[in-house]
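Q: Please take a close look at the disulfides in this structure. Which cysteines are paired, and where do they lie?

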Amino acid sequence: MGSTSRSGSARWLAIALTGVLAVGVGVLAVAAYQHANPDLSDLAAEPAPTFDLGVETAEPTPEVTQTAEAIARSEERFFAIGDGAWWRATAGACGTTEPLLERSTDAGATWIDVTPRYRTIGQIASLDPLAGTEAEMVSSMGEACETQALRTYTQGTYWDSYPDILPAIRYIDPLDPAVVHIGGGQTTEAPCANPIGLRASGDVVALICGGTPHRWSDGSWQPIEVAGATALAATPPSLLIAHTDAACPGLAITEVADTTTLVGCLPEVDPAAPLAITRDGEAIRAWSGDTISEVAAP
C-alpha cells in the first residue's frame, strides 16, 4: 500500500516538472521570436538614406514665356509720323504726372521738347499729325483738367484751343476711362473699366482691354482674337496690333483687315515696357524705351 502511494506521487511530480519545462521553453521561444522580429509600430519612420555619388544633378528649369504687363495710363505712349515731322508723347496724369510732347525733323535722330506747359497741360489723350509739319492733340488743361482739342501751326512752339473740332475726335476720356468719345459728339461705354491705347483713323477705331484688342463696329465693341496686345495703330482699312506671340521674341506685329496676318517682329522690345507703333509709308515703326525701331520680317 505504501509502495503504491509513493509511485503515484512520483508520477505526478514528473508530470508537473514536464509542464514547467514546457512553459519555460515556450517563454524562451516567444522571447527569441520577439528579439528576431521586433514590433516597429511605435517607432517613427526614418527617412531613407541618401548617397552622394559625386554626380551633380540639376532641377529641370521651367520654360519662361514673356508676357505683356498692363501699362499705367500715365505711361501710355503716342507716336505719329507726318510728312514733315515726327511726334511722340507720354500721356501723363492730370494733377500728378506731367506729360511730355516731343518733335523730330530728322527721322527720330534728335527730339525737341514742345510740351505746352504755358497752357498748364495735364494729360494727353490723343496725338495726330496735321498739315505736313504740324499736329493736333486732345489734352486735359488747367486745375479743372478741362478736356480741349489743341492744334499747332508753329511746329509745336504755340498751341491753340479749337473747341469746334473736339466733338469729332475719338479718344478715351481723361477723367473717366470707362467713357469713350467715338466722334460726332457721341460717347459710349468702354468694354472694360480701364481701357488703354485707343487709336482711330477713318472708320478704324480700336482700344485694348486687358490685353485684348476691341474694334468699334456696327455700334458695339467687337473683341479681336489676338492675345497679349500692348499697342495699336489705326491704318485704314486695317488695324496693326503689337502683341506677344511664340513666333517672335519680344513682340509680334499683326495686321487685321479682311484677314489676320503676322507681318513682323520687334525682337529687341521689352513686352512689359510702354510702346507706341505707327505706319510710315511701307514701314512700321515702334517707340520703346529710348529707341525708335523698324519692324523686322518674322
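A: The disulfides are taken in turn below, followed by the main pocket.

This is a predicted model, in which local features need pLDDT of at least 70 and side-chain atom pairs count only at pLDDT 80 or more, while totals for chains, interfaces and linings use all residues. Residues are numbered from 1 along each chain as its sequence is written, and side-chain values use heavy atoms, with hydrogens and water left out.

There are three disulfides, a disulfide being a pair of cysteine sulfur atoms within 2.5 Å. With the bonded cysteines numbered in sequence order, the pairing runs 1-2, 3-4, 5-6.

C94 is bonded to C145, with 1.8 Å between the sulfur atoms. The torsion about this S-S bond is about -95°, so the disulfide of C94 and C145 is left-handed. C94 sits in the loop between β2 (86–90) and β3 (100–104), and C145 in the loop between β6 (134–141) and β7 (146–152), so the bond ties together parts 51 residues apart in sequence. Strands here are DSSP runs (E, at least two residues), numbered from the N terminus. C145 is buried, at a relative accessible area of 11%; buried means under 20%, exposed over 50% and partly exposed in between, with a 1.4 Å probe and protein chains only.

C192 and C209 make another disulfide, their sulfur atoms 2.1 Å apart. A torsion of about -85° makes this one left-handed. C192 belongs to the loop between β11 (186–189) and β12 (196–201), whereas C209 is in strand β13 (residues 204–209), so parts 17 residues apart in sequence are tied together. C192 is partly exposed, at 23% relative accessible area, and C209 is buried, at 9%.

C248 and C265 are also bonded, at a sulfur distance of 1.9 Å. Their link is left-handed, with -50° about the S-S bond. C248 is in strand β18 (residues 248–256) and C265 in strand β19 (residues 260–266), 17 residues apart. Both C248 and C265 are buried.

Strand β12, which follows the loop holding C192, also contributes two or more residues to the lining of the largest pocket, as do β1 (77–81), β5 (121–130), β16 (229–235) and β20 (275–280). A pocket is an open set of points on a 1 Å grid over the protein atoms alone, where a 1.4 Å probe fits, with protein on both sides within 12 Å along at least five of seven lines; lining residues have an atom within 4 Å of a point. Of the 25 lining residues, D128, P129, A200, S201 and A234 are the closest to the centre of the largest pocket.

Key: Helix = DSSP H or I, 4+ residues; strand = E, 2+ residues; numbered from the N terminus.
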